[in-house]
Amino acid sequence: MSSIGTSKGVLEIAKFAVYVSVPISLMYLFANNNKNLQKIMGHREYVVYPTESVKPQSPEELREMAKEIARKRERDQGMRS
């Protein structure tokens, strides 16, 4: 039995036609009329770079800071004992 003749088959064919035709028609609309594409894309900033800020510390500086913190902790623990 073929499901094409049934209402369920017709619905599936209609959904497939919509799924295929909508992207193709939108592509045709924007590809043939460049003003539409410029109007849509002109209102949005797609690449926004962050403002210049303080640069992160180098790994060597972070290691030195970690060693300094470890020394302070050892010193504090030595005083508590």
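Biologist: How many helices and strands are there in the protein?
Modeller: This is a predicted model, where local features need pLDDT of at least 70, side-chain atom pairs count only at pLDDT 80 or more, and totals for chains, interfaces and linings use all residues. Residues are numbered from 1 along each chain as its sequence is written, and side-chain values use heavy atoms, leaving out hydrogens and water. Helices (H or I, at least four residues) and strands (E, at least two) are DSSP runs, numbered from the N terminus. Reading along the sequence gives α-α-α, so to speak a tally of three helices and zero strands.

Biologist: What radius of gyration does the protein have?
Modeller: Start with the trace, which spans about 90 × 45 × 20 Å along its principal axes, C-alpha atoms only. The radius is also taken over C-alpha atoms, and the globule rule is 2.2 Å times the number of residues to the power 0.38. A compact globule of 81 residues would come out near 12 Å, but this protein has 32 Å.

Biologist: What share of the residues counts as buried?
Modeller: Buried means under 20% relative accessible area, exposed over 50%, and partly exposed in between, with a 1.4 Å probe and protein chains only. Out of 81 residues, the buried share is 2%.

Biologist: How much of the accessible surface belongs to carbon and sulfur atoms?
Modeller: Accessible areas here come from the Shrake-Rupley method with a 1.4 Å probe. The protein's total is about 8200 Å², and the carbon and sulfur part of that is 62%.

Biologist: How much accessible area does the nonpolar patch with Leu26 have together?
Modeller: Leu26 sits in helix α1, residues 7–32, and is partly exposed at 42% relative accessible area. Patch residues need over 30% relative accessible area and no salt bridge, with nonpolar side chains (Val, Leu, Ile, Met, Phe, Trp, Tyr) joined within 5 Å and like charges within 9 Å. Phe16, Val18, Tyr19, Val20, Val22, Ile24, Leu26 and Leu29 form this one on the surface, with a joint area of about 760 Å².

Biologist: Which residue forms a salt bridge with Glu12?
Modeller: Side chains of opposite charge can pair when their charged atoms come close. A salt bridge needs a side-chain nitrogen of Lys or Arg within 4 Å of a carboxyl oxygen of Asp or Glu, and the structure holds two of them. Glu12 is partly exposed at 41%, and its partner, about one helical turn off because the two are three residues apart in helix α1, is partly exposed at 33%. With the closest N and O atoms 3.4 Å apart, that partner is Lys15.

Biologist: And which residue does Glu68 meet in a salt bridge?
Modeller: Look in helix α3, residues 59–80. Glu68 is partly exposed there at 31% relative accessibility, and its partner is partly exposed at 40%. The two lie three residues apart, about one turn of the helix. The N to O distance is 2.9 Å, and the partner is Arg71.

Biologist: How far apart in space are Arg71 and Glu12?
Modeller: Arg71 belongs to helix α3, while Glu12 belongs to helix α1. They are 59 residues apart in sequence, and C-alpha to C-alpha the gap in space is 71 Å.

Biologist: What about Ala31 and Tyr46, how far apart are they in space?
Modeller: Ala31 is another residue of helix α1, and it is exposed, with 60% relative accessible area. Tyr46 is 15 residues away in sequence, and the C-alpha to C-alpha distance is 20 Å.
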